[in-house]
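Colleague: I'd like to learn how to read a structure like a modeller does. Could you walk me through a few features?

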Amino acid sequence: MAMNRLAVQLKNLSLLTPLLTASGTSGTSGEIENLENAEQTLSSLGAFVTKGVTMEPRKGNPELRVIETRTGLLNSIGLQNSGVSAFVKNELPKLLKYKLPIIVNISADSVEKFGILSGYLMEHDTSEVINGLEINVSCPNICAGGVEFGVDPRMVEKVVKAVRKPMRKNVVTITKLTPNVTDITQPAKGAIMGGTDILSMINTLRGMAINVYAGKPYLGNETGGLSGPAIKPIGVYMVYECFRSVPECRDKRVPIIGIGGISTSDDALEYIMAGATAVGIGTAWFVNADVFSDIRSGLENYCASAKTTIIDIIGIAHERR
Amino acid sequence: MSLDAKLFNRIARSHMYWGRKPLVGLRQVFGKNTKGIVLDPFCGAGTPIVAALLERARVVATDLNPMSVFMTRVLVRPLSIPVLQGAFDSIFKEVFPKAGPAYRMTCPKCGNAATADYILWKGSVQSGIPIAAKVECPYCELSDLRPLSTQEEKHQRHASKAKPQSWYPDNTIHTVSRGAPVPNHYQLFTGRNLSILAEVFASIDRLESPIYKEALQYVFTASLYSCSQMQMFSKKHPASSQGWAALRFYIPPLRKETNVLHAFARRFETFLCCKEALNAELPATRVTQKISEFMDGAEVFVGKMDWAESLKVFGPVATHVFLDPPYNIDIDYFGFSEFWGAWLRMPFDFKAEWHARTVRGGRTADLLNRTAQATSPACRVTLALNPKNPAEWDSDTAIASSPYGILDTGYFLYNNSSKRTKGKPNLLHHRERYYILDRSIHFISPATKPTTCSHGERPNEATYPYLRVMAYFKPHSKAESLRQAVLQLVPNHLHNLCQQLEDSEVNKARDNAARNMRTYCSFCLSFVNLLLQRDQWQLISANNRQVEPGAFDLPKPVRTQIPSDLMAAAVFASRDETNQIYFYFPEQAGLAMKAKKISKRDSGQYKQIAVLVLPSRAKMDKCRSVTRAANWRRGFFVSLDELRAHCAEVVTEKYQMLSCTTTKPTGSGNKIATFTAEVKKNDQVGGKDAPYWKLQFKASGLTGIVPGQFIMMDTVKRKLSGGTRPMRWREFTTSFKGSSKTYLKRPFGIHRAFYPNFEERDYLCRLKLPRFLAMVMHTALPNAFDIFYKVLPNGEGTKEMTELKRRERVKMIGPLGSRFDIRAMVNEGVDEVHVIGGGVGMAPLVFLVQSLRYLGVRVKAFIGIQTIGLLKYQEGLNAPRTRGDDIDKGFAAGVRDANIYVDDLEDTGVTPGEIFVSCDKPSDIGQLIPRQNYATGFVSERYKQYLMENYRRDKVVAFACGPTLMMKAVSDIAKQHGVRLYVLMEKRMACGIGVCLSCVCRTTTGGSSGYSRVCKEGPVFNANEILWP
């Protein structure tokens, strides 16, 4: 068998490829399977990240929820989901058959609720399906508990601690950071103080669009979060900055998952060379249903022609400055 | 190999437990007789539990053997594959530094360090000598069994005597009858293997998660045997190392010392395979060891319990008791359970085990009587007895003295394809008899015990049903048993029908059963005849003999060969002689030829068509794909399922029950595909300044789209030509549409779909089909379609789309959206459908009308448009014409005038009188439609007026699509007038497959969030469900 040049290690998770779904863009479970290329997509993934789950069901924001911008997408879904009890009952068993590490994205509007939610998931996951929890302290589209948690390093620390307290030791914690800050390393350091295993960055950037023919904002929530190729340079910078300035990231004790605008294998390589161990792909999947298998084969070709492996090129841009 | 057989293989390979019953047979037992709770007081390794769970029963599994309980628990509990893999990796990492060097050897080829996969020993247990080793070298990929040099031999002798550092069990071997060469379990291993096994076990013990610890302990125990020096030994076949007729704990003079890590890793792989398969089948099983949790609704209870206690506790709730008791106290799996369980520190008490080997039949009768006492009268019992079990010899006496009667009986066939049998028919002792017992049945007395195979012939799965029939058809056998025997013989899809038959018919079925194809054909023809009669059509067969509706009435005399007249020339003629429909069955040869001949003879008149009748909906859908259908020119497709469902409506008394049992159409199986479509044409409609465009595509990748569904397409062409070659990453980066202003795909409904085998657009006008037959007939799937779009001032995507040129290829995904079942709607008794379309919203409704017309439903169309002029466009002459337009003018210009919507509707057979047009501004209607059908104002107002003028609306359904305000207005009107209305919703979308939650609309059925996704639950919604803004 040929050597797998793409395998990476995210703390105790061994991933076959460094590609992850980005939370909120690949459904909770089962949606992928309606696609004809589901098999290729799933085999190109290293892990599966679910849509955000909250304690109580959430209605989400009023319509209109998405609007396209030049090379990007503004969304304000507002964490619509049917609550953690429905998630555990209906979705978790379906996730079993993916044969992938499962990472559940969680959101709450207070530190205590984060703890309760994490505890609930651990208690009800009797088959231990969940391999990781991604803490969303950065959603720009909800009024409490979103991005305002993410900008305050002390708050991030508290949240991470609360989530980690009831967790099994073999489950990893991932903290998803917001780019809506002046200095990304501050919340990153906060999360590391709290004991996060992995950092993921970036969530969407705050933005808005106005319909000039109607003279009012397009989105029902007025503002939204920008994703897509438009935000890729920002994401790459933030990964680069974290890798450079945070010692834990530098010596790869706290790996980074780079997310934001990745649509080709070159984009993924940019993130990896800036210091990301794995990358999350979201919006590009809407545009190109084969994006995961395309990027996978792109990375394979790159590694084969450059005679290297993904692990060897993580953060390589720092050495060759 | 069937799915069940595959699954069974994986389960069986995950551990070496004896006597696993085949899943296929078990599912038959549970499928027929189980609803509720299955109690298995002798659960063994858990295969019956899996079978019962697959049949959606809840299960109580108990056993006195703690190893069985442990194995069942691990087997049925869902486990995450990545976590398992992670746990395994961590153990391997921990143990490898110690275990790796123990088996190290030097590669004879390249001189690097290599590993021994196994070492062969010769001589007695105490003082054997290593003679050869299988060396595996990771560097030069050598894998070779080679003799050892003197030095290596010395080294191996020394290494194999290592002392274990961690705990290992030192239990004494309890043997009842056969001796073992050593008194203790640990002496079955070499010192080296034992010390590494102890390390592995200690490492597993250190795992945090209790359930994954158990899973790896399962793998560990499974690999114990191959790590030991033992070998399977069968008295009958001394040379074989396989087979379960082994003497226990036998250490041969020539033996293997297997690398523990290799053995463990191999077992782990098989266990992973087993778990993957089980996860897919039984993902949501909750396994509990507490009775209270089981009573609260957990699917499986697994616990160590005596059978009598188990019956006492769970007997009252059980609906099916599965009894397969051990046949002897001295059987192999007891000994091996102890061998495995010693590591898990399990206590064993085999003396307390129930077994059948005492008084002949006495204990079996006792078992049955006590089961009867503990369970409710409705509870069924399955008694499975091993052929080695002496109780089987007298099972009839035992059953006769119990309150039970035999409902059914059969064999579990052990399809053991080991080297010894080499695919020959199963040996007699490779099957196990089972009886399904019921307290309400007494008619099969022990006297009519089925004869087993005569003249020494060995039965296999194919001959077996015949043997059973022969056994049952004794002179005084009852009708019920006869019926059941026949049920065994006829194919699955005819089962339900057979149950409706009279005894005399069953007898006929017996005659025909050997020729299933004929039975099947005759069924189909009876159904077709029923449908035709409903429309006053007549069925004639080629030999001019009328086929009667009775299910099994075949033309006589019955011949052994399938008569070609019935098969090939089932010709049906309508009242007027020229319209003819030919029916064919898939097993017939030369189908494509026949279809071609028919379409040639017909030469464009659409009076003769060919219909292919297929056994199931799934098979039919396969044949309807564009490529396959090309061989079946201008043919139609019918599935037996649908024929049956429709017949149930026609002749109620005889076929009523059948409609209840028919399976629902499996339409949801269609997957969303990514494909490229080739632009055929991209025309502006309604003049130079009009915002409307019509885009025509050819797409062979489109897999069956139904009205209401939509596609999402890129707004610019694909820069690469496509093809099957995987894209190189450099190409991919350049092909990505960097210059386009848009990013996402755009959703569009289908305006018209074109079918590969009907070249002419107007076949629906010309084709004359009996209506009830048309309801079950399907065309081939479409391979070309139009979309109709409007360019808005801020619509960058649609602006880009106007640039698309002929022959350019566009990437799209589809079909998206739920499959709205028009057939089901029409079957509910709809006579007339109204479609109300505002502007571009009419486009998807045209596709709907196309399907409705095919089913013979009358349609009234209401079109709302700004001016009449917007409907006009120029169409190329190569496009087929439908109306007597000005031909000369058309020829001169190379184009001719056409009207969007109106022409499209007329193509499908809607008359101009049934089309209503409303314009915002007064304009000249011309000869397009009757003057009275034209109005100025909103289309919703026109529809309201129509409803007020026409009072008959009980069997009317309406569909609306257009701007939200218009749909809201129509929705109010429909509500007032009591018309059922469906709306096709449109929203901005990002993904189209239901993950991004951006295209939501507020509905009453949206669950906790109050929102439904247009792309997933819609786009067709019942208007009453929508909460309008």
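Colleague: What phi does A:G275 take just after α9(A)?

Modeller: Just after α9(A), A:G275 has a positive phi of about 135°. Helices here are DSSP runs of H or I with at least four residues, strands are E runs of at least two, and both are numbered from the N terminus. Before you go on, know that this is a predicted model, where local features need pLDDT of at least 70, side-chain atom pairs count only at pLDDT 80 or more, and totals for chains, interfaces and linings use all residues. Residues are numbered from 1 along each chain as its sequence is written, chains are lettered from A and ligands numbered from 1 in the order in which they are written, and side-chain values use heavy atoms, with hydrogens and water left out.

Colleague: And the helix itself, why is α9(A) called largely enclosed?

Modeller: General idea first: buried means under 20% relative accessible area, exposed means over 50%, and partly exposed is in between (1.4 Å probe, protein chains only). Helix α9 of chain A covers residues 265-274, and eight of its 10 residues are buried, so the rest of the structure largely encloses it. Among the buried ones are A:L269, A:Y271 and A:I272.

Colleague: How do I read a strand, say β17 of chain B?

Modeller: Look at which way the side chains go. In β17(B), B:Q608, B:A610, B:L612 and B:L614 point one way, while B:I609, B:V611 and B:V613 point the other, and all are buried. Next, check the partners: two strands pair if DSSP finds at least two bridges between them. β17(B) pairs in the parallel sense with β16 (residues 580-584) of chain B over five bridges, and also in the parallel sense with β18 (residues 635-639) of chain B over five bridges. B:A610 is a handy marker: B:Y582 stands opposite it, and in β18(B) its bridge partner is B:G635.

Colleague: Which residues touch the most other members of the largest nonpolar core?

Modeller: In soluble globular proteins, nonpolar side chains tend to be buried together. A nonpolar core is a set of buried Ala, Val, Leu, Ile, Met, Phe, Trp, Tyr and Cys residues joined through side-chain atoms within 4.5 Å. The largest one here has 150 residues, and A:L133, A:M201 and B:V983 touch the most other members. Another core, of 98 residues, lies apart from it, with B:F88 and B:Y218 among its residues.

Colleague: How many salt bridges does the rule find across the interface of chain B and chain A?

Modeller: A salt bridge is a side-chain nitrogen of Lys or Arg within 4 Å of a carboxyl oxygen of Asp or Glu. The rule finds three across this interface. One joins B:K987 and A:E63, with the closest N and O atoms 2.3 Å apart. As for contact (heavy atoms within 4.5 Å), 59 residues of chain B meet 67 residues of chain A.

Colleague: Are the partners A:R168 and A:D125 buried or exposed?

Modeller: Both are buried, and their side chains meet in a salt bridge at 3.3 Å, N to O. The pair links distant parts of the chain, 43 residues apart. Compare another pair: B:E1017 and B:R1013 form a salt bridge at 3.0 Å between the closest N and O atoms. There, B:E1017 counts as partly exposed at 37% relative accessibility, while B:R1013 counts as buried at 15%.
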